[in-house]
Amino acid sequence: MVAFADLSLSFLFGLSGLTEPDASSGSLDTRNVLRSTVCEQIAANVSSSSVLYYNGSSQYTKDNYHWSSSSSQTSKCSFEPATTEDIGIALRILGETQTQFGIKSGGHATNAGFSSTSGVEIAMYSFSDIVYDSSTQTATLGTGAIWDDVYVALEEYNMTVVGPKITGIGIGGIVLGGGYSYLTNQYGLGIDNVVAYELVMPNGTVVNITDSTNPDLFFALRGGFNNFGIVTTVTVNTHPQSHVWGGLITYAEDQWDAASAAIANYSANVTDPKASIYNAYNYVSGVAVMANMLFYDAPTRPEGIFDEFLSIDAIYEDISTRTYVDLIQSFPLNGTSGLRSVFSSMAMENVTVPVLNMIVNETLTRGPELADNASAVFVTYSVDVFLPTLYDHVDSPTAYPPSRSQGYSYIEIYCGWEDASYDDTVFDTVDASSEYMTEVLTDYGQDIADVAVYPNHAPPGTSLEKMYGSNVPRLQAIKNDVDPDNVMALTGGWKF
């Protein structure tokens, strides 16, 4: 799942050094002294192929950059490891000195501190290789790569992978957190397609994790993020990929009723797993506009399958037969980059017109409210429609979702704003909207109140039980076994 937070207005409307001790107060800041020393200690012990950078260098800036300003911090230094051994050395030093650290794959996390730190920022860029194995039809991906590069690399083999729907997303968050895709109805989540992880454990040991070598860790890593060490590479199944049909179509507010009816009819009647739609009701800089993504995994769509959408008077339409890479890259990269950001999501059993009317009302009520009270630039309520069989594509259990007995479609909220002083206002409003919609869905007879929240779109403060349900005790036991010294608690994210 991903909100249309990365769409710019032009597309919606169819317009063409070492840290020095701080002596300013008359005494030394011992935290700065410690962390500077830790940076030096890492630099002195790792190989020459791994590099540390300090504030003032362009690479330090790149290493610390995050898509959302709310998740960005200024680290004492950044570390780009080039070998698994060097990662192990760094982890041992960080653990011994109890120094906070961050692990950055693509830097698309929104929650504060989830992949950033005021300590040592570990940027995985040196692990960016993409290797396709035609004999097993798998690809091994470095977690410093982004999915755009994977799609491009596999295109020459007429293969692809289950990855995100937009550009600029890193490997790590998908293969460790979930991964909803245009291909999910056919092949499941991104984590469902993982075959193996290369993991540097908190004690520095490098291990290959598969369902047969270590079923507990294989279960935990698929949805459990960075609690168990640092993943350097992941091997995933690939799938044959021809040209696809699809693209973006946008509607003005006066066409929302017709578009909502089309969404509801699609959800009720289309069972073809090659088809996918993604729909966003947006309030952007004071204007209401809807963006819909239509997708079919073949060069031509079956007759009639998207006719209702195409018959609605549109502001903008960019739909054609194209490569899968072109489809992904047809959206502007990180159009909301630099804003503070929050996501929230909730499940739906059925996508009906009354449900969509509720979402429209929330968009047109909360959008102006957030614009007026928090100077919000971008408010989106998205509808991600899936088949109820989307969770049936994996043979062994995963940390997320805790139950696969039924698949759901999802509502996703995104808000982008600029001023940190409005953080609490935005969080409170998004929480209130989520709670309200959950209550309404329940009143409509949808049994969704206890459906697991998607961790990649969970707002700050979400409990582990809300995301991982009955899996929490098992995940905590695995974490304690793998990391008895609690090294991975020194980095951000959802902590077991």
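User: In this predicted model, what is the order of the strands in the open sheet of seven strands?
Analyst: Let's walk across the sheet. Its strands pair in the antiparallel sense. The edge strands, each pairing on one side only, are β15 (316-322) and β16 (340-348). Reading from one edge to the other, the order is β15-β12-β14-β13-β17-β18-β16.

User: Which residue in β18 stands opposite Tyr381?
Analyst: Start with the two strands, β17 (residues 378-385) and β18 (residues 409-417). They pair in the antiparallel sense over seven bridges. Facing Tyr381 from β18 is Ile413.

User: At about what angle to β16 does helix α13 run?
Analyst: Helix α13 covers residues 423-443 and lies across β16, β17 and β18. Its buried residues pack against those strands and also against α12. Relative to β16, α13 runs at about 10 degrees.

User: How far apart are the end C-alpha atoms of α13, and what span should its 21 residues have?
Analyst: Count 1.5 Å a residue, and the 21 residues should span 30 Å. The model agrees with that, because the end C-alpha atoms of α13 are also apart by 30 Å.

User: How wide an arc around the axis do the buried residues of α13 cover?
Analyst: The buried residues include Val426, Val430, Ser433, Met437 and Leu441. They sit on the same side of α13 because their arc around the axis is only 140 degrees.

User: Which residues are exposed on the other side of α13?
Analyst: An α-helix has 3.6 residues a turn, so residues three or four places apart point the same way. On the other side of α13, the exposed ones are Asp424, Asp428, Glu435, Glu439 and Asp443.

Technical notes
Residues numbered from 1 in each chain as written. Predicted model: local features only at pLDDT ≥ 70, side-chain atom pairs only at ≥ 80, totals over all residues. Heavy atoms only, no water. Pairing = 2+ DSSP bridges. Helix = DSSP H or I, 4+ residues; strand = E, 2+ residues; numbered from the N terminus. Contact = heavy atoms within 4.5 Å. Axes fitted to C-alpha atoms, helices over the stretch in contact; angles between N-to-C directions. Expected span 1.5 Å × (residues − 1). Buried < 20%, exposed > 50% of the residue type's maximum accessible area, 1.4 Å probe, protein only. Arc of directions from axis to C-beta.
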